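Visitor: Hello! I have a model to look through with you, and I would like to take it one question at a time.

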Amino acid sequence: METAERFRAAVEKRDLTGLEDLFTEDVRLYSPVKFTPFEGRPMVLGLFGVLMRVFEDFRYVGDFEGTAQTSADGAEAPAEVLLFRAAVDGREIHGIDLLHFDEEGRIKEFTVMVRPQSAVQALGQAVLAGLVAAGLA
């Protein structure tokens, strides 16, 4: 899927401006460190700015294409899973990014899952500090 390839390239280059037109205006990002989703393009882009500073040695290591039900409305949508590895405060993280696409191929829903629990805790602390520093929380 072209959007997923562009997304992956922008994230790996830490190119925040390269992400802007890939998200719908009302994109929802479900994070492992917050129960409610981050909503809207400005907030999601702000979060990505923080993540690009927090993750160390971030790299995608695989991908899968298919369809999946979205959380927002339960509709089937084209989807892609990107597997990644990274570190936060020296803790190795294994994770996936699940991207759901709208009819125009833009990302309308984004879910992040990571393991192990100790890495989730380190990520949560680092992201919260980054959001506060950026004036987003």
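Visitor: Which residue stands opposite R28, and in which strand?
Guide: Happy to start there, keeping in mind that this is a predicted model. The strands to look at are β1 and β6, which run parallel and are joined by four bridges. The residue opposite R28 lies in β6, and it is E109.

Visitor: With which residue does R28 form a salt bridge?
Guide: The partner sits in another strand: R28 is in β1, while the partner is in β2 (residues 38-39), 11 residues apart. The closest N and O atoms of the pair are 3.5 Å apart. The residue that forms the salt bridge with R28 is E39.

Visitor: Are R28 and E39 buried, partly exposed or exposed?
Guide: The class runs from 20% to 50% relative accessible area for partly exposed, with buried under 20% and exposed over 50%. R28 has a relative accessible area of 22%, and E39 has 49%. Both values fall between the two cut-offs, so R28 is partly exposed and E39 is partly exposed.

Visitor: Which residues line the second largest pocket?
Guide: That pocket holds about 150 Å³ of space. Two elements, β1 and β6, give two or more residues to its lining, and β1 gives the most, with three. The lining residues are T24, D26, R28, T70, A72, D73, D102, K108 and E109.

Visitor: How many residues in that lining are charged?
Guide: Asp, Glu, Lys and Arg count as charged here, and D26, R28 and K108 are among the lining residues. The rest of the lining of the second largest pocket divides into one nonpolar and two polar residues. The number of charged residues is six.

Visitor: Which residues lie nearest the centre of the largest pocket?
Guide: This pocket has a volume of about 260 Å³ and a lining of 20 residues. Two or more of the lining residues come from each of α1, α2 (41-54), β3 (56-69), β6 (107-115) and α3 (117-133). Nearest the centre of the largest pocket are F48, L51, F55, F58 and D97.

Visitor: Which element gives the most to the lining of the largest pocket?
Guide: By class, the lining of the largest pocket has 16 nonpolar, one polar and three charged residues. One element gives four residues, the most to this lining, and that element is α2.

Visitor: How many bridges join β5 to β6?
Guide: Strand β5 covers residues 91-101 and runs antiparallel to β6. One position to look at is H94, which stands opposite R115 in β6. The number of bridges joining β5 to β6 is eight.

Visitor: Which residue takes a positive phi in the hairpin of β5 and β6?
Guide: The hairpin has five residues between the strands. The phi in question is near 85°. The residue that takes it is G105.

Visitor: Which residue forms a salt bridge with E92?
Guide: E92 lies in strand β5 and its partner in strand β3, so the pair ties together parts that are 33 residues apart in sequence. The closest N and O atoms are 3.8 Å apart, and the cut-off for a salt bridge is within 4 Å. The residue that forms the salt bridge with E92 is R59.

Visitor: What separation do the C-alpha atoms of K13 and R59 have?
Guide: K13 is found in helix α1 (residues 2-13) and is exposed, with a relative accessible area of 63%. R59, by contrast, counts as partly exposed at 30% relative accessibility. The two are 46 residues apart along the chain, and their C-alpha atoms are separated by 9.9 Å.

Visitor: How far apart are the closest N and O atoms of R8 and E12?
Guide: R8 and E12 both lie in helix α1, four residues apart, which is about one turn of the helix. R8 is partly exposed at 23%, and E12 counts as partly exposed at 38%. They form a salt bridge, and its closest N and O atoms are separated by 3.4 Å.

Visitor: How many salt bridges does a search of the whole structure find?
Guide: The pairs we have looked at include R8 with E12, R28 with E39 and E92 with R59. For the whole structure, the search finds nine.

How values were computed. Residues numbered from 1 in each chain as written. Predicted model: local features only at pLDDT ≥ 70, side-chain atom pairs only at ≥ 80, totals over all residues. Heavy atoms only, no water. Buried < 20%, exposed > 50% of the residue type's maximum accessible area, 1.4 Å probe, protein only. 1 Å grid on protein atoms, 1.4 Å probe; cavity = no way out; pocket = protein on both sides within 12 Å on 5 of 7 lines; lining within 4 Å. Points joined across faces, edges and corners; volume = space filled by probe spheres on them. Pairing = 2+ DSSP bridges. Salt bridge = Lys/Arg side-chain N within 4 Å of Asp/Glu carboxyl O.
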